[in-house]
Amino acid sequence: MTPKLVAKDVCLEYRQPRTGDRLLALDRISLSVNEGEFVSIVGPSGCGKTTFLSVVDGLLPATSGEIIVDGLRVNKPGPDRAVVFQDASLLPWRTVLRNVCYGLECIGVRAAEARERAMKFVQMVGLDGFENSYPYELSGGMQQRVNLARALVMDPKILLMDEPFAALDAQTREYMQEELLRIWEQANKTVLFITHQIDEAIFLSDRVIVFSARPGRVREHVTVDIERPRSLKLKRDPRFHALEDRIWSLIHDDALVQARS
Amino acid sequence: MQGDALQRYTPQLVGAAALLAFVSFWEAAATYKLADPMFISSPSRIASVAAEMWEDPDFWRDVKVSSTEFIWGYLAAIAVGIPLGLAIGWYKRVQYALGPFIDVLNAVPRVTFMPIMVLWFGIGIWSKFAVVFLGAVIPIILSTYAGVRTNEARYLRVAKSFGASQMKTFKSIILPGTAPYIFTGLKYASGRALLGVVVGELYAATAGVGHMIAQAGNAFETDRVFFGVLLFTFTGLVVTTILARIEKRFDRWRPEGAVR
């Protein structure tokens, strides 16, 4: 199978604005994601996960290396990739429906058609009846559903999810994880998912990529060989715990090394 | 039930009672000569002057002159201020070029330009128009500019990620995010515009409500002075109420009573 997304030796160097020092944020990241695969990236905070996602989206240019989608090199945002942002970042002056329409408007889809297509995804994420509500009227979980619908409606080849559930309370987060799997199975998308929560990564993914602390490097690929569909009960399965332990120690070692240095 | 209604209208009731008390005290002070009515006038005298002037074509000419100065000066300030504020916020170079001028103009009370305006434009409507415009345009520019600058980076990132064009970004992110700031500027500017009318007409004019006030003051006609003052007060209230109404239509997306 040809991979949907390939990152080849992606490096990213910042120049710190205050000191002028060069800072390596991403160090030769190479990975690939297959069509329809759900891949998560976990790592200690500050390891460059979100930065890497911005590079894949094309918001940040890589210092060297390349991002290839469907065999073509990309260097700016495009409709083949859509981001589900960390803080829902819904436009507060637009209703739910018009927020979901936003991306379609940007690529020049006519208003009536955009609404029709958007409505389908508002329903898919379980928000019918709320299409005319404003973001401030929604709970955090509902806002993330809109955020997800806004990305899905673009029918992207790859969905880039940047810790979308990080700000939710524990119950809502678990509920949203299950919901995401339901929607993912329906939408049949390739997903690159960023999180710092190990259990979330395992529960959702086919494969978990562990990043090391700054500068971000690929530390290890961990395949999650657990059948689907999955339910939250899986989180009490011994196989689940074994994977959790393994990833935890990978990250923990690294965090210790960094704390000592 | 009755208690509820009473509770609901408490602010209005207390406010009305206080106003009534003040007006009664004023009237009594004039009637019982606690102070000379020639200086303090009284509500009833003001009312009778108002009735008199209502019939007076000269008064209506004054009103027409003042409102022309106000409306055109204010509208011109809006027409220039909003686009300029947006341009300064959106294009760094425009800000570099115009920022110093605006800072300087903001630092000086614009009514001090009155003598120069009179030299340039005469004592007719045009000098007042100029002072009203100068007074109102600066706050509009500054608050519009502040609105563009405070637009949150995360919304711009959304636009960029979805590949929005410059124009689309401007219309869908910058404009709606800036609207509340623009309205703040418009409200503040309406006060500045009114000030321009008054000061302009007090300084040098042949007609207008401010001119009428100045003449009445020189002739010790305090009733007329107070009537003129009330007229300006009323105008100010009407303009801010209209603006608040319009703002509400742009503001449905904000939670009720939100402070920004």
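Me: At what angle do helix α5 of chain B and helix α10 of chain B pack, and how far apart are their axes?
Reply: This is a predicted model. In chain B, α5 covers residues 57–90 and α10 covers residues 166–203. The crossing of these two helices is right-handed. They pack at an angle of about 145°, with their axes 9 Å apart.

Me: How do the residues of the contact of α5(B) with α10(B) divide into nonpolar, polar and charged?
Reply: On the α5(B) side the contact includes Phe70(B), Tyr74(B), Ile78(B) and Trp90(B), along with Ser66(B) and Glu69(B). On the α10(B) side, among the residues met are Ile182(B), Leu186(B), Val197(B) and Glu201(B). By class, the residues of this contact are 13 nonpolar, 4 polar and 2 charged.

Me: Which helix supplies the largest share of the side of chain B that touches chain A?
Reply: In the contact between the chains, 13 residues of chain B meet 18 residues of chain A. Two helices of chain B, α9 (153–161) and α10, each supply at least two residues of the chain B side. The largest share is 6 residues, and the helix they come from is α9(B).

Me: How many nonpolar, polar and charged residues has the side of chain B that touches chain A?
Reply: The chain B side of the contact with chain A consists of 13 residues. Sorted by class, they are 7 nonpolar, 2 polar and 4 charged.

Me: How many helices and strands has chain B?
Reply: Read along the sequence, the pattern of chain B is α-α-α-α-α-α-α-α-α-α-α-α. No strand appears in that pattern. The count for chain B is 12 helices and 0 strands.

Me: Why is chain B described as more spread out than a compact globule?
Reply: Along the principal axes, the C-alpha atoms of chain B fill a box of roughly 75 × 65 × 30 Å. For 260 residues the globule rule gives a radius of gyration of 18 Å. Chain B is well over that value, so it counts as more spread out, with a radius of gyration of 23 Å.

Me: What distance separates the centres of domain 1 and domain 2 of chain B?
Reply: The domain assignment of chain B gives domain 1 as residues 1–35 and domain 2 as residues 42–250. Taken over C-alpha atoms, the separation of their centres is 32 Å.

Me: What radius of gyration has chain A, and what would a compact globule have?
Reply: Chain A has 7 helices and 10 strands. Its C-alpha trace spans about 55 × 45 × 40 Å along the principal axes. A compact globule of 261 residues would have a radius of gyration near 18 Å, and chain A agrees with this at 18 Å.

Me: What percentage of the residues in chain A are buried?
Reply: A residue is buried here if 20 or more other C-beta atoms lie within 10 Å of its own. In chain B, with 260 residues, buried residues make up 33%. In chain A, with 261 residues, the buried part is 43%.

Me: Which residues of helix α1 of chain A are buried?
Reply: Helix α1(A) runs over residues 49–57 and is mostly covered, with 8 of its 9 residues buried. Just after the helix, Gly58(A) takes a positive phi of about 95°. The buried residues of α1(A) are Lys49(A), Thr51(A), Phe52(A), Leu53(A), Ser54(A), Val55(A), Val56(A) and Asp57(A).

How values were computed. Residues are numbered from 1 along each chain as its sequence is written. Chains are lettered from A and ligands numbered from 1 in the order in which they are written. This is a predicted model: local features need pLDDT of at least 70, side-chain atom pairs count only at pLDDT 80 or more; totals for chains, interfaces and linings use all residues. Axes are lines fitted to C-alpha atoms, for helices over the stretch in contact, and angles run from 0 to 180 degrees between N-to-C directions. Helices (H or I, at least four residues) and strands (E, at least two) are DSSP runs, numbered from the N terminus. A crossing is left-handed if the near helix is turned anticlockwise from the far one by less than a right angle, and right-handed if clockwise. Two residues are in contact if their C-beta atoms, placed from the backbone, lie within 7 Å. Ala, Val, Leu, Ile, Met, Phe, Trp, Tyr, Cys and Pro count as nonpolar, Asp, Glu, Lys and Arg as charged, and the others, Gly among them, as polar. Domain bounds come from an automatic or database domain assignment. The radius of gyration is taken over C-alpha atoms; the globule rule is 2.2 Å times the number of residues to the power 0.38. A residue is buried if 20 or more other C-beta atoms lie within 10 Å of its own, exposed if 12 or fewer, and partly exposed in between; C-beta atoms are placed from the backbone.
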